[in-house]
Amino acid sequence: MKSITSTTKIKTEFSLQNATSNGGIKIFLDYLEKIKFPQALADLHCSKHWNAMFPVCRILLYLIVGWMLGCQRLFHFRKLQNDSLIQRLLGGRCPHHTLLNKGLKRLSKTNPSLYQI
């Protein structure tokens, strides 16, 4: 995925300058990158235009990282939109929290039989 910054390119610094409250998530992000999770999400082939600003795979990665940071509801993602570490991971911008529900609905429309119990 071209829009996601590799976590190895994100500088780790042990000072309070440019500190983020979610700095501990970098270890989890390194793990996701090591198991090639973003590439697996990119292989989902969701129905969204090829040049969309926020592809469904990027929204799903944002959801997973947010849930690991304690965002239990979609409107809790508002606090992550201005976090510099999360923005850097996602290529500079985070999707608005209202867009997340639309991404989940789009995912269920691609192959509804997979998501039914």
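This is a short walk through one predicted model, from its overall make-up to a few residues.

Let's start with the whole chain. The secondary structure comes to 5 helices and 0 strands. Along the sequence the pattern reads α-α-α-α-α. The protein has 117 residues, and 33% of them are buried. About 8000 Å² is exposed, and carbon and sulfur atoms supply 56% of that area. Now contacts. Take those with a separation of 6 or more: residues 24 or more positions apart account for 62% of them.

Next, confidence. The average pLDDT is 79, and 74% of the residues score at least 70. Which helix has the highest confidence, and which the lowest? Helix α3 is highest, at 89. Helix α5, residues 97-110, is lowest, at a mean of 79.

So, on to α3. This helix covers residues 56-68, which makes 13 residues. Does the geometry show agreement or disagreement with the expected span? At 1.5 Å a residue, α3 should span 18 Å. Its end C-alpha atoms are 18 Å apart, so the two agree.

How much of α3 is buried? Of its 13 residues, 10 are, so the helix is largely enclosed by the rest of the structure. Here is the list: V56, C57, R58, I59, L60, L61, Y62, L63, V65 and G66. Note that R58 is on that list of buried residues. Just after α3 comes G70, with a positive phi of about 100°.

Stay with Y62 for a moment. The structure holds 1 aromatic pair. Y62 and F77 form that pair, and the arrangement is tilted. Centre to centre, the rings are 5.3 Å apart, with 55° between the planes. Why call that tilted? The angle of 55° falls between the limits, because stacked needs under 30 degrees and edge-to-face needs over 60.

What does the pair connect? Y62 lies in helix α3, while F77 lies in the loop between α3 and α4, residues 84-89. The pair therefore ties together parts that are 15 residues apart in sequence. Are the two partners buried or exposed? Y62 has a relative accessible area of 1%, so it is buried. F77 is at 0% relative accessibility, and F77 counts as buried too.

Now the charged side chains. The count comes to 1 salt bridge. The side chains of K26 and D30 meet there, at 3.6 Å from N to O. Where do the partners sit? Both lie in helix α1, residues 25-34. They are 4 residues apart, about one turn of the helix.

Their surroundings can be put in numbers. K26 has a relative accessible area of 14%, so it is buried, the cut-off being under 20%. D30 is at 30% relative accessibility and counts as partly exposed.

Last stop, the backbone at K36. K36 lies in the loop between α1 and α2, residues 37-42. Its phi is positive, about 60°, although K36 is not a glycine. Why mention it? Most residues other than glycine have a negative phi. Is K36 buried or exposed? With a relative accessible area of 53%, K36 is exposed.

To recap. Helix α3 has the highest confidence, and 10 of its 13 residues are buried. Y62 in that helix pairs with F77. K26 and D30 form the salt bridge in α1. And K36 carries a positive phi in the loop between α1 and α2.

Definitions and conventions. Residues are numbered from 1 along each chain as its sequence is written. This is a predicted model: local features need pLDDT of at least 70, side-chain atom pairs count only at pLDDT 80 or more; totals for chains, interfaces and linings use all residues. Side-chain values use heavy atoms; hydrogens and water are left out. A salt bridge is a side-chain nitrogen of Lys or Arg within 4 Å of a carboxyl oxygen of Asp or Glu. Helices (H or I, at least four residues) and strands (E, at least two) are DSSP runs, numbered from the N terminus. Buried means under 20% relative accessible area, exposed over 50%, partly exposed in between (1.4 Å probe, protein chains only). The expected span of a helix is 1.5 Å times one less than its number of residues. Rings of Phe, Tyr and Trp (its six-membered ring) pair if their centres lie within 6.5 Å; planes under 30 degrees apart count as stacked, over 60 as edge-to-face and the rest as tilted. Contact means heavy atoms within 4.5 Å. Accessible areas come from the Shrake-Rupley method with a 1.4 Å probe; for residues, only the protein chains shown count as cover. pLDDT is the predictor's confidence in each residue, from 0 to 100.
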